[in-house]
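Here are a few exercises to work through with the model open beside you. Try each task before you read its solution.

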Amino acid sequence: MATEELVKVKNLRKHFDVSNGLFRKKSIVKAVDGLDFTVYKGETLGIVGESGCGKSTTGRLLMQLLDKTEGTIEFDGEDMSAWSKKELNKRRKDFQMIFQDPYASLNPRMIVEEIIEEPMVAAGMDKQERKERVTKLLDDVGIPDDYRKRYPHEFSGGQRQRIGIARALALKPKFIVADEPVAALDVSIQAQIINLLVDLQEEYGFTYLFIAHDLSVVQYISDRVGVMYLGKMVEMSESDELYENPLHPYTQALLSSVPVPDVHHNTDRVLLEGEIPSPDNPPSGCPFHPRCPIAKEHCKETMPEFRERNKGHYVACHEV
Amino acid sequence: MNEIWYQFKKNKIALFGLGMTVMFIIFAILAPLIAPYDPYEMSTSDSLAGPSLAHLMGTDQFGRDILSRIIYGTRISLQVGIISVGISLVLGTLIGLVAAYYGRWVDMVLSRFTDVLFSFPDILLALVIMAILGPSLTNLMIAIGIVYTPIFARIARGAVLSIKSSLYIDAAKSMGVSNRKIMWKHILPNSMAPLIVQVTLSFAFAILAEAALSFLGLGVSPDTPSWGIMLSEGKNWMETAWWIAVFPGIAITLAVFSFNVMGDGLRDALDPKLKNESS
Amino acid sequence: MADNILEVRDLKTHFHTNDGVVKAVDGVDLHVEKGEILAIVGESGCGKSVTSQSIMRLIGAKSSEKVSGEILYHGEDLLSKTEKEMRQIRGKDMSMVFQDPMTSLNPAYKVGTQIAEMPIIHEKKDKKSSWKRAIDMLTKVGIPSPEKRASQYPHQFSGGMRQRGVVAMSLACDPDLIIADEPTTALDVTIQAQVLDLLRKLRDDTGTAIMMITHDLGVVAELCDRVAVMYAGKIVEEGTVADIFDNPQHPYTQGLIHSLPKPGSRERLKPIEGQPPNLHNLPEGCRFQDRCPFVMDVCREKQPELVPADKQDHQAACWLMGEEENDGDGRTGESEEPEKTF
């Protein structure tokens, strides 16, 4: 695997002020609360976690769709927050996003051609070049060229996601954040899209940040995987290592909770007690301690450091 | 478009509303051809004549043919409707769009402003504006236009807010599309449906408001064939010549009813379409 | 057969729309045995939810909805019942758990009140004993401090809790069949695991049969006893979970199972190519023909019926089965063909 850094995230935080009304108590949701990780060139880094863990917020922060509260994001060695608005819009061609919901991510009143062309128009490409690029992109994602004048509602979910992928590829980005790109699709279609994403990466060599809640899909597609819980990264390692040798008790529980489509599979299930705490009032210390089967007294007080335990295997837990 | 028409067609009352609207438009355009008499022509010998074969809806105190005046009145009503609703639509949409898209203090200021306008009773507000501008048909249309601006601003703001959080807006942003372009290409076209519906509904209100203001003597000059003025004058003769007030009254009711049911039908026809698109 | 709680014969649910007839369910036969968990599995639009709603008679009241066939609940045809009779059955004998726990509880009433309503309506119990029943039910579904929770409103419950609340409501009158329509789809994995565990325990303790509508093969393998696989309004394969996962016979079932990434494997996925057919415009013959790797001429002409595959209670609707049956005696390597894809 390449070891050249593409995206470097340091102490990234995003806090949302959700106090409503003027006189209510201030209420802050710490959606992302101190992330440190690196995405290397050419790899696929998977991010998994349950709802409210901050994985989508992380993707949006990297895409500069949200302003961070604290920390730095370096892209290709440059601090993204140092870019002016104009500079940012110019640089956006290098990092693009594939969205979860192929029904909501395409403007219903634009035809396929306009949708795919839009980033090229924004980047100032001329018309002839754009038309040719659309033809190539449609071919790349497997949409027949004579569908280019159609509207999104004439396509199925899988085909719409292909259009969304073509749009993300339009400017030949280096980095693609895929936020739950197959979650809204049926199983048989999911596999088509996953294969497409893998093929495109092989052909064009870009880097993925693959955000999903489906652990088996993430394991399949990722080189490395990070596990998030309540705005924090609790574990990160090479994909196979993580799935075979999970160190954090949350990762262990999460992996064992996934129903396996195999009747001979032995479920040695770690059933977690309780629910995910609300991120506007996270527990003190390690956020996982109220549900953790091995929590000790000090887990309630101090947040464990995110440390390298084995080579390339990071975990944030006192008891490991 | 076909889908909308298909849905709309199923609603018989809305279809009736559409038919009546088309009829009013034809009346307005072809008034000189359809009207049996000149609406301004007075005839002392025929004054206060009841409905008869010669004058289907009778005549007023000056002997003017009521039917002809009602037919010509559609011109004023439609003109007032189109222009004043046009003013509200453009102003309101602009305010709503800017408020919702930029949010924060821009939204605060614009929303409070529209709230203040909104809190006045319609007619009272129109009266105040007319009092400032002075009575004339143009000022009347401006006044009505301003009065109905807050409704459009609110609807536009709501629609924009919901569309602003759509994924395709995020997608456009992530591609580096400028704010202005996002507003014009993505947000505005997708917010039009509720606004179109409001246009038909406000059209009815505008006609009513013109009638009311003219009735109060703040609209067009008294000899103009306007439904409101006819109604206003007719009230003085209610006991001796009921037809002077009743027929314009029926015309107003019919027009308002038609626009309303058409708006309702349009709303229902547009709604499932939007649902289909998002699910 | 005597132990069948529910038997559905030739169920057809057709919707008459502007663009023609949508055959959402088109000739479904199935049965639910006492105390078993039957999975109805399939992708969106295959008719699995419509099947369950037709059984509950939640579909069929409007003139645009045509439900035909037989739905025998303990031998009585539900399709001939009046709406009033159905209301007696729903919630008491058969109850339903929906996908979205957010919308299946009324936000204006306390959770306990909503559960207690069931015995009040169906068993004419008084308020006090019903409230006690509600608390018992909440205890049963594993909600901590049930007395306190019963007096709370749905918004004070988290997603997983709410779904437990809905399950508690469905259990309140001790039904012998629960129809659960994607009950864990809206939940997170760790919470899903809790709810699946709960459903399994309930079946073991109370003997309530569960008809589980799901798209998740993992859930099927974990929880269910028997499986019916639906595709474009028809059941294409039916058998025990072991039959379906270890020895799938229908090319669609095989395709579904192969579409999933195998844990630890980087082998290229084998998707089912193409898209499901448009229900407005179904092809002549087998509905899977355009996506099927083994399609034959007969598939384009005639619709296959469910026939026993490798054993009597493992059925598949595929002409490959017919072939196997026809050459039952002198069968050669040819009939092995579908299995080569493993």
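**Exercise 1: the fold of chain A**

Task: count the helices and strands of chain A, then decide how compact the chain is.

Solution. Begin with secondary structure: chain A holds nine helices and twelve strands. Next, take the radius of gyration, which is 21 Å for chain A; the globule rule gives 20 Å for 320 residues, and the two values are close, so chain A is as compact as a globular protein of that length. Finally, look at the extent along the principal axes, where the C-alpha atoms of chain A fill a box of roughly 65 × 55 × 45 Å. Keep in mind that this is a predicted model.

**Exercise 2: burial, contacts and charge in chain A**

Task: describe the burial, contacts, surface and charges of chain A.

Solution. Start with burial, counting a residue as buried under 20% relative accessible area: of the 320 residues in chain A, 54% are buried. Then turn to contacts with a separation of 6 or more: in chain A, 64% of them are between residues 24 or more positions apart. The accessible surface of chain A is about 13500 Å², and carbon and sulfur atoms account for 46% of that area. Last come the charges: chain A has 41 positive and 51 negative ones, with mean positions 7 Å apart.

**Exercise 3: the same steps for chain C**

Task: repeat the analysis for chain C, from secondary structure to charges.

Solution. Chain C has 13 helices and twelve strands. Its radius of gyration is 21 Å, close to the 20 Å that the globule rule gives for 342 residues, so chain C is as compact as a globular protein of that length. The box filled by the C-alpha atoms of chain C is roughly 70 × 50 × 40 Å. Buried residues are 55% of the 342 in chain C. Among its contacts between residues at least 6 apart in sequence, 63% join residues at least 24 apart. The accessible surface of chain C is about 14700 Å², with 49% belonging to carbon and sulfur atoms. For the 41 positive and 55 negative charges of chain C, the mean positions lie 10 Å apart.

**Exercise 4: annotated spans in chain B**

Task: which residues of chain B does UniProt list as "transmembrane region", and what is the secondary structure of 13–35 and 123–148?

Solution. First, consult the record: the unreviewed UniProt entry lists residues 13–35, 78–103, 123–148, 195–220 and 240–263 of chain B. Now examine residues 13–35 of chain B, which are 96% helix and 0% strand, with end C-alpha atoms 27 Å apart. Then examine residues 123–148 of chain B: this span is 85% helix and 0% strand, and its end C-alpha atoms lie 11 Å apart.

Methods:
Residues are numbered from 1 along each chain as its sequence is written. Chains are lettered from A and ligands numbered from 1 in the order in which they are written. This is a predicted model: local features need pLDDT of at least 70, side-chain atom pairs count only at pLDDT 80 or more; totals for chains, interfaces and linings use all residues. Side-chain values use heavy atoms; hydrogens and water are left out. Helices (H or I, at least four residues) and strands (E, at least two) are DSSP runs, numbered from the N terminus. The radius of gyration is taken over C-alpha atoms; the globule rule is 2.2 Å times the number of residues to the power 0.38. Buried means under 20% relative accessible area, exposed over 50%, partly exposed in between (1.4 Å probe, protein chains only). Contact means heavy atoms within 4.5 Å. Accessible areas come from the Shrake-Rupley method with a 1.4 Å probe; for residues, only the protein chains shown count as cover. Lys and Arg count as positive and Asp and Glu as negative; His and the chain ends are not counted. The place of a charge is taken as NZ of Lys, CZ of Arg, CG of Asp or CD of Glu. UniProt positions are given in the numbering used here, feature names are shortened, and annotations may be inferred rather than shown by experiment.
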